[in-house]
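Biologist: I should like a close look at the nonpolar interior of this chain. Please describe how it is built and how far the model may be read there.

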Amino acid sequence: MKQMSSIKILLWTVTISSLPAQTFESPTIERAIPVYEELPELKASEILRPEFLKGTYFSVREEVPTFSGANHFTIDSEFGVFEAEGNEMLVRRINEINAIARLKEVSRTDEFKGALVKAAKSPVGAAKQIVTDPVNAITNAPKGVMKFMGRIGESVKGIGQKHQDNDPEGSQLQQIIGFSDTKRKVAMSLGVDPYSSNTVLQHELDGISWASFAGGATFSLATMPIGGAAGTALTVTGVSGDFDQMLKEKSPTDLKKINRKSLLALGASEKDAERFLNNNAFSPSAQTAFVLNLKSMNGVANRGAFVRLAGETSSSETDAIFCVQTAALMSKIHKSEQPLARIVTFGAFPVCVAKDGTTIVALQWDYAAWTAGAGRFSEQLRKFAEKPPANKKVFVAISGQTSPRLRQELEKLGDGVKDRLSPGPLK
């Protein structure tokens, strides 16, 4: 099955699965059988920093199951219940909740209400109706609207046609009249992803952006509510400024062109590049973050192997964040821990080989325990590390927390272990 949950489930079906081994012993024969851990249910109050546990508009439920490499959070808020699969998604959702609060605050102002009235009377306000009811809207459109259409160089027939429902930039009309550009800038001013899957956030962004674009309002959105922006989940190692500017200024079409050129330059095949770029699990922002993280690993060979895996196996937003964060960890290790020589495929997972021959597993993983799957993966990894030109050393690095038992078992095997490389909301 081509799902990521291939890099995650395939891998940690190979790796950190939650199924403990059960063995029945003869009363007269003793065997050396390893005792594995079960993955625990964590407590939010014990693992999260206070600002991520409770805020003005939200609180995180105490129970935090962990499986498939992700801590699973439930967030109660004034705007509904939100699920966050993983530490990084929790950061994003809390940031978005605070942004929603700010947007709602603005929508109650007299300036916003006046801007909506003005927007409805403007040429682009009338043009907006063509998206939902093109025949009647065109028939009844005032002459000013038709002149407006002519000025932007778009035929009435073309403007009434729908683009694909999953077009990240909105309808064709929204793109042509410039609304999508305004919306991107509003989102970025709040520190949220313009292409987030959060439907509540998208609804509020649409309202404020329309009042700003068509109604001419200028809102002060930079000041967030109490407990404000915590940052997005899309880590971009060493090039955050470039990333933010690209998201703000470039359309998804432009980003795709830039990313295609970058992928080919770092060694991905045309087929693998196209598969990745057309994988809807990756929003334009996630796609760009992943490519920038790979680019930041200057001199590392075979980065195209990770592009291929990401394109083939990702099927959700969580998968995309996994790829982005894993690439970010690889880049961080390359720059500050051990220079990497190349990326290789180990089953359905990208593994790094350092210039000194050390095998490095850099992983976006929230909580890792010594399970039966972890034991099997460790054994297979060691066999891989013993093959030339590797030097038999293994270094395991994860973004989140390892259990004491996992650390003990890996170090007993001679493996280096480092956790909390990207702790996010963790204490």
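Modeller: The account below begins with the model as a whole and then turns to its interior.

This is a predicted model, in which local features need pLDDT of at least 70 and side-chain atom pairs count only at pLDDT 80 or more, while totals for chains, interfaces and linings use all residues. Residues are numbered from 1 along each chain as its sequence is written, and side-chain values use heavy atoms, with hydrogens and water left out.

The protein chain has 20 helices and twelve strands; these are DSSP runs numbered from the N terminus, helices being H or I of at least four residues and strands E of at least two. Of its 427 residues, 52% are buried, where buried means under 20% relative accessible area, exposed over 50%, and partly exposed in between, with a 1.4 Å probe and protein chains only. Among contacts in the chain with a separation of 6 or more, 65% are between residues 24 or more positions apart; a contact means heavy atoms within 4.5 Å.

The interior can now be described. A nonpolar core is a set of buried Ala, Val, Leu, Ile, Met, Phe, Trp, Tyr and Cys residues joined through side-chain atoms within 4.5 Å. The largest such core has 84 residues, and Phe276 and Phe290 touch the most other members. Helix 4, residues 87-107, gives the most to this core, with ten residues. Leaving aside neighbours within four places in sequence, Phe276 is in contact with Leu263, Phe282, Gln287, Phe290, Val291, Val307, Ala310 and Gly311. A second, separate core comprises 21 residues, including Phe322, Phe346, Val353 and Ala374. In soluble globular proteins, nonpolar side chains tend to be buried together.

As to how far the model may be read, the chain averages a pLDDT of 81, and 76% of the residues score at least 70; pLDDT is the predictor's confidence in each residue, from 0 to 100. Over residues 1-7 the pLDDT is below 50, although this stretch has 26 contacts in the model beyond near neighbours in sequence. Residues 223-231 also stay under 50, and there the model has 23 contacts beyond four places in sequence. Where pLDDT is low, the predicted coordinates should not be read in detail.
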